[in-house]
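The following questions and answers examine a protein structure, beginning with its charged pairs and moving on to its strands, its helix and its surface.

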Amino acid sequence: MTVIATDKTRLSQLIKKEHWSEVAYCRELVTVNDTAGTLEIGQVLGQVTVGGKYKRAVETAVDGSKVAAGVVLAVTTIAGATDTQVLVLKRGPASVSKAGLVLDATYDDATKKGVVYTSLQALGIQVLEAV
């Protein structure tokens with residue numbers, strides 16, 4: 001069967017409510033230094049304790065980036081081991097769809113995912129069951 005159309009993830013599939021969006025209160029450009037690849041909308045990032053740069057949140061990380069510290073808002077290609085500016089949802093008040101979040105495969109059970117959701121809620125980012 002021929003594929004007629006494909007649709008990429010849209011910001012509206014992730015963000016359900018964002019207060020003061022007109023002044024980008026909840027958003028911030030952060031410096032990401034991680035392995036090469038593409039960060040998709042909804043990718044959860046963690047912040048490295050030493051240096052304060054961000055990278056993909058991985059459950060097995062021991063550098064502080066295990067704790068969710070932001071959510072990517074624009075598809076961004078990053079080159080390996082180089083600093084790249086990425087737009088993220090860094091603080092609330094905001095609400096995001098749980099289905100719109102992109103978690104690393106190491107968050108492989110409900111307990112581990114729950115820790116991510118709790119970390120986001122501590123930032124004022126409510127995680128909803130919304131579609």
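**Salt bridges, strands and surroundings**

Q: Is Glu-18 buried, partly exposed or exposed?
A: In this predicted model, Glu-18 has a relative accessible area of 11%. The limit for burial is under 20%, so Glu-18 counts as buried.

Q: Which residue meets the side chain of Glu-18 in a salt bridge?
A: The N to O distance of this salt bridge is 2.9 Å. The partner has a relative accessible area of 24% and is therefore partly exposed, being Arg-27. The side chain that meets Glu-18 is thus that of Arg-27.

Q: How many residues apart in sequence are the parts that Lys-90 and Glu-28 tie together?
A: Lys-90 and Glu-28 form a salt bridge, with their closest N and O atoms 3.2 Å apart. Lys-90 lies in the loop between β8 and β9 (94-97), while Glu-28 belongs to strand β2, so the pair links parts separated in sequence by 62 residues.

Q: Are Lys-90 and Glu-28 buried or partly exposed?
A: Lys-90 has a relative accessibility of 22%, and Glu-28 has a relative accessible area of 26%. Burial requires a value under 20%, so Lys-90 counts as partly exposed, and Glu-28 is likewise partly exposed.

Q: Which residue forms a salt bridge with Glu-59?
A: Glu-59 counts as buried because its relative accessibility is 16%. Its partner, at 35% relative accessibility, counts as partly exposed. The closest N and O atoms of the pair are 3.3 Å apart, and the partner is Lys-66.

Q: Which residues do salt bridges with shared partners join into one network?
A: The structure holds nine salt bridges. Salt bridges that share partners connect one network, made up of Glu-28, Lys-90 and Arg-91.

Q: Which residue in β8 is the bridge partner of Val-71?
A: Strand β6 (residues 68-72) is mostly covered, with five of its five residues buried. Two bridges connect β6 to strand β8 (residues 84-89), and the two strands run antiparallel. The bridge partner of Val-71 in β8 is Leu-89.

Q: Which residue in β6 stands opposite Gly-46?
A: Strand β4 (residues 44-47) is joined to β6 by three bridges, and these strands run antiparallel. Opposite Gly-46 stands Ala-68.

Q: Which side chain is joined to that of Arg-56 by a polar contact of 3.3 Å?
A: Arg-56 is found in strand β5 (residues 54-56) and is buried, with a relative accessible area of 15%. Beyond four places in sequence, the residues touched by Arg-56 include Asp-34, Gln-43, Ser-65 and Ile-78. The side chain in the 3.3 Å polar contact is that of Thr-35.

Q: How far apart in space are Val-116 and Lys-66, C-alpha to C-alpha?
A: Val-116 lies in helix α2 (residues 110-122) and counts as buried at 2% relative accessibility. Leaving aside neighbours within four places in sequence, Val-116 is in contact with Val-44, Ala-68, Leu-103 and Tyr-107. Although Val-116 and Lys-66 are 50 residues apart in sequence, their C-alpha separation is 8.5 Å.

Q: What accessible area do Trp-20, Val-23 and Tyr-25 have together?
A: Tyr-25 is found in the loop between β1 (15-18) and β2 (27-32), and is partly exposed with a relative accessible area of 40%. Trp-20, Val-23 and Tyr-25 form a nonpolar patch on the surface, and together their accessible area is about 340 Å².

How values were computed. Residues are numbered from 1 along each chain as its sequence is written. This is a predicted model: local features need pLDDT of at least 70, side-chain atom pairs count only at pLDDT 80 or more; totals for chains, interfaces and linings use all residues. Side-chain values use heavy atoms; hydrogens and water are left out. Helices (H or I, at least four residues) and strands (E, at least two) are DSSP runs, numbered from the N terminus. Buried means under 20% relative accessible area, exposed over 50%, partly exposed in between (1.4 Å probe, protein chains only). Contact means heavy atoms within 4.5 Å. Patches are made of residues with over 30% relative accessible area and no salt bridge: like charges are joined within 9 Å, nonpolar side chains (Val, Leu, Ile, Met, Phe, Trp, Tyr) within 5 Å. Accessible areas come from the Shrake-Rupley method with a 1.4 Å probe; for residues, only the protein chains shown count as cover. A salt bridge is a side-chain nitrogen of Lys or Arg within 4 Å of a carboxyl oxygen of Asp or Glu. A polar contact is a pair of N or O atoms within 3.5 Å; within protein, one must be able to donate a hydrogen and the other to accept it, and residues adjacent in sequence count only if both atoms are side-chain atoms. Two strands pair if DSSP finds at least two bridges between them.
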